[in-house]
Amino acid sequence: MSDRHVYEYALVRVVPRIERGECVNAGVLVYCRAKSYVGARTHLDEARLLALDPEVDLPGVRAALRAVEGVCAGGDAAGQAAQDDPGRRFRWLIAPRSTIVQPGPVHTGLTADPAAEALRLLDLLVR
């Protein structure tokens, strides 16, 4: 039996001006059902974001990214989602939104360590 499990991931994107459609990758969501894992890792390149929109609400974006991390972490930080299982929290986070912080499409892969995979994807796709 393999020690690798299927996982799903989606980028977290910041779209400062929805009418232009430009975005900056600011994080990654990872879900692995077999490991009951859901996690988010974020990194905001503020200079890139300000290049797209010098008037972007940076404190608001930072707060939204912290909220995504909180929902993944569960407990009090997850708010109303605190009692939801990891899969339900992931599905809620990847639901399409028309706000400044949006999920990208979902992709899949195999991993033995979903937390390490989240960091690897953050380095590869965001930083």
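A nonpolar core is a set of buried Ala, Val, Leu, Ile, Met, Phe, Trp, Tyr and Cys residues joined through side-chain atoms within 4.5 Å. Buried here means under 20% relative accessible area. In this predicted model, the largest such core has 24 residues. Within that core, the residues with the most contacts are V14, L29, L44, L49, V61 and L65. Several elements feed the core: β1 (5-14), β2 (24-32), β3 (37-42), α2 (58-73) and α3 (86-94) each supply at least two residues. Helix α2 gives the largest share, six residues. A second, separate core has 11 residues, including Y7, V28, V30 and Y37. In soluble globular proteins, nonpolar side chains tend to be buried together.

V14 repays a closer look. Which residues does V14 touch, leaving aside its neighbours within four places in sequence? The partners are E22, C23, V24, A26, L44, L49, V61, I100 and V101. Among them, L44, L49 and V61 are also on the list of residues with the most contacts inside the largest core.

Now step back to the overall layout. The protein has four helices and four strands. Reading from the N terminus, the order is β-β-β-α-α-α-β-α. The C-alpha trace spans about 50 × 30 × 20 Å along its principal axes. The radius of gyration is 15 Å, and a compact globule of 127 residues would have one near 14 Å, so the two agree.

The contacts tell of the fold too. Take the contacts with a separation of 6 or more: residues 24 or more positions apart account for 62% of them. Buried residues make up 42% of the 127 residues.

Next, the surface and the charges. The protein exposes about 7200 Å², and carbon and sulfur atoms supply 50% of that area. There are 16 positive and 16 negative charges. Their mean positions lie 4 Å apart.

A few single residues are worth finding in the structure. Start with E117, in helix α4 (residues 114-125). Is E117 buried or exposed? E117 is buried, because its relative accessible area is 10% and the cut-off for buried is under 20%. Beyond its neighbours within four places in sequence, E117 is in contact with Y7 and T111. Y7 is one of the residues of the second core.

Then come two loop residues. D85 sits in the loop between α2 and α3. D85 counts as partly exposed, because its relative accessibility is 45%. Its C-alpha atom is 12 Å from that of C32, although the two residues are 53 residues apart along the chain. T99 lies in the loop between α3 and β4 (101-111). At 43% relative accessibility, T99 also counts as partly exposed. T99 and P16 are 83 residues apart in sequence, yet 8.8 Å apart in space, C-alpha to C-alpha.

Finish with S36, in the loop between β2 and β3. S36 is exposed, because its relative accessible area is 55% and exposed means over 50%. What is notable about the phi of S36? Phi is near 50°, a positive value in a residue other than glycine. Most residues other than glycine have a negative phi.

How values were computed. Residues numbered from 1 in each chain as written. Predicted model: local features only at pLDDT ≥ 70, side-chain atom pairs only at ≥ 80, totals over all residues. Heavy atoms only, no water. Rg over C-alpha atoms; globule rule 2.2 N^0.38 Å. Buried < 20%, exposed > 50% of the residue type's maximum accessible area, 1.4 Å probe, protein only. Contact = heavy atoms within 4.5 Å. Areas by Shrake-Rupley, 256 points an atom, 1.4 Å probe, with all protein chains shown as cover. Lys, Arg positive; Asp, Glu negative; His and termini not counted. Charge placed at Lys NZ, Arg CZ, Asp CG, Glu CD.
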